Amino acid sequence: MAKNTSSNVFRTLDVDQYNEDNYKEDNDSTDPAALGPNDTLITSLLAANKPVEALTHLLSGATLGIKDQAARTASLTLAMRVLMAIKASQIDDAVAQLDNENRDVLMKFIYRGFEVPNEGSSAHLLVWHEKVFTVSGVGSIVRVLTDKKRV
Amino acid sequence: MTTIHKFGATPISCHAWSGNRSELALSHNSKDVTLYNAKGQGWEKTAVLDQHDLRVTGIDWAPTTNRIVTCSSDRNAYVWVKGPDGQWKYTLVLLRINRAATCVRWSPEENKFAVGSGAKIISVCYYEKDNDWWVAKHIKKPLKSTITSIDWHPNNILLAAGSSDFKVRVYSGFIKEIEPKPSATPWGARMPMGNLMTEFSNSPNGGGWVHAVSFSPDGSKLAWAGHDSSISVADAANDMLVMKLKTNLLPMCSLTWIRPNTIAAAGHNCVPYTFIVESDAVKLGSAMEEDKKKESSGKTSAMDLFKNKDKLGQNELETKLNFTHQKQIAEIRIVGGQKGDVDTFSTCSLDGKIVVWNLKTLAGQMKGLKI
């Protein structure tokens, strides 16, 4: 019998890290200071009943590729509040005001919103999805899937 | 107008035309390359090149020297020369890679060819007369992932490579044994073999694999198509400015320059599109084909309507795409004219068809066509 039969610790070793062929990504980490959109500004805009402006601020300020999970969840919760606050009739105008970059970021938020459904959120998000899709087409959905830096 | 050539129902993964455009080499996603000769309206099979053990991934036919180079997943490349008896004789090229070869292109002067591979290596191969043998030189740094596509610069020295690490790189493929030193270009002055001239990232967000790269006809611009549904053009003359267009379409798999400032690209949308390159931006031109909506016969009775709704859950059975190609387009090749002044080009697709697009007649037929 082999000498070491009692310990299974060797099974916890990740051998893949020693593989020379592994693709190592460029580690350009996002500057943590430039974190996320301005929370207070957006909440104040929401309170002042200006959800469309809040949306613009949210999308322009959103940083992609943040590694910190808590920050990402906070950013998602904020985004969901803004998206829910905008009524279905206002969505068309809101989407028309955005430029292409921001529409791509919006589509990313919509898909992240689908991942964590609350009551009634998915139905509203579906309306958002349809409106953004009419303007940006399949290209924006492909970019949600291919962009490595998630929102 | 478009001419459709059908070669069965199996996907055509790559194809290449002979210099006089009367012969066609194609591969049906298998280890064989079939050669066809144009005969009247159809095609006559003249030869089957079956030296490879695994799937053929790239074919290129040199127009002047009439040599075919094929590369395959079996880590080899073969150069085929037509003997005086009409038989194709093969020569194995040792690429010295330990992964599959993915794409191959002859250089403009046809004295060397470059092979991209999954081994993170580009092999530039040239013919050594003394030993009657093709020698491969490697470009390794700083490639970090599979090379997906390759294109040569018109000066026969520079080489662009698109890769699955989301970057496009321009290298020097200068072989001092067979050619004189090149003069300076907008891409750089010093060009020792394997030197990285510039590197472009597809997108700051990562942005998807690069599917196709192509130098402009004068070599000053470089266009590439990424999997994030974008077309980008880098202008070396303009301080390496990168112009990127994020399209609303599905990603493109192949592209080429049909006019000095127009690109034709095709891919998962099953129809070629044109893109106009302006001094600071790339704009979508138009699709090369109109959506041929089949008009419903009008005689569909109410009963049929409800029968379909019940059986299929929708009003009509629409499984055919309204375009000539029914599956995504794998490759675009120039047939008539040169890069930058193209009269006709061909597209091969996964539906087994090769369609030749004639730009002049298309421009006459389609009012909205922007070239």
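These are my notebook entries on the two chains of a predicted model.

**Entry 1: secondary structure**

I began with the elements of each chain. For chain A I counted six helices and zero strands, and reading from the N terminus the order is α-α-α-α-α-α. For chain B I found two helices and 28 strands.

**Entry 2: overall dimensions**

I then looked up how the radius of gyration of each chain stands against the value expected for a compact globule. Chain B, with 371 residues, has 22 Å where a compact globule would have a value near 21 Å, so I noted agreement. Chain A has 20 Å, whereas a compact globule of 151 residues would be near 15 Å. I also took the boxes along the principal axes: the C-alpha atoms of chain A fill roughly 75 × 35 × 35 Å, and those of chain B fill roughly 80 × 50 × 40 Å.

**Entry 3: burial, surface and contacts**

In chain A, I noted that 38% of the 151 residues count as buried, and that the chain exposes about 9,300 Å², of which carbon and sulfur atoms supply 53%. In chain B, buried residues make up 52% of the 371, while the exposed area is about 16,500 Å², with 50% of it from carbon and sulfur atoms.

For contacts between residues at least 6 apart in the sequence of chain A, I recorded that 76% join residues at least 24 apart. In chain B, 50% of the contacts with a separation of 6 or more are between residues 24 or more positions apart.

**Entry 4: charges**

I listed 16 positive and 20 negative side chains in chain A, and the centres of these two sets lie 3 Å apart. Chain B carries 45 positive and 36 negative side chains, with the centres of the two sets 3 Å apart.

**Entry 5: cysteines**

How many disulfides does a search of the whole structure find? I found zero over all chains. I then checked Cys270(B), which is in no disulfide, and noted that the nearest cysteine sulfur, that of Cys253(B), is 9.7 Å away. Cys270(B) is buried, with a relative accessible area of 7%.

Why does Cys348(B) form no bond with the closest cysteine sulfur, that of Cys14(B)? I put this down to distance, because the two sulfurs are 7.0 Å apart, which is too far for a bond, and the cut-off I applied for a disulfide is within 2.5 Å. Cys348(B) is also buried, and I noted a relative accessible area of 0% for this residue.

Notes
Residues are numbered from 1 along each chain as its sequence is written. Chains are lettered from A and ligands numbered from 1 in the order in which they are written. This is a predicted model: local features need pLDDT of at least 70, side-chain atom pairs count only at pLDDT 80 or more; totals for chains, interfaces and linings use all residues. Side-chain values use heavy atoms; hydrogens and water are left out. Helices (H or I, at least four residues) and strands (E, at least two) are DSSP runs, numbered from the N terminus. The radius of gyration is taken over C-alpha atoms; the globule rule is 2.2 Å times the number of residues to the power 0.38. Buried means under 20% relative accessible area, exposed over 50%, partly exposed in between (1.4 Å probe, protein chains only). Contact means heavy atoms within 4.5 Å. Accessible areas come from the Shrake-Rupley method with a 1.4 Å probe; for residues, only the protein chains shown count as cover. Lys and Arg count as positive and Asp and Glu as negative; His and the chain ends are not counted. The place of a charge is taken as NZ of Lys, CZ of Arg, CG of Asp or CD of Glu.
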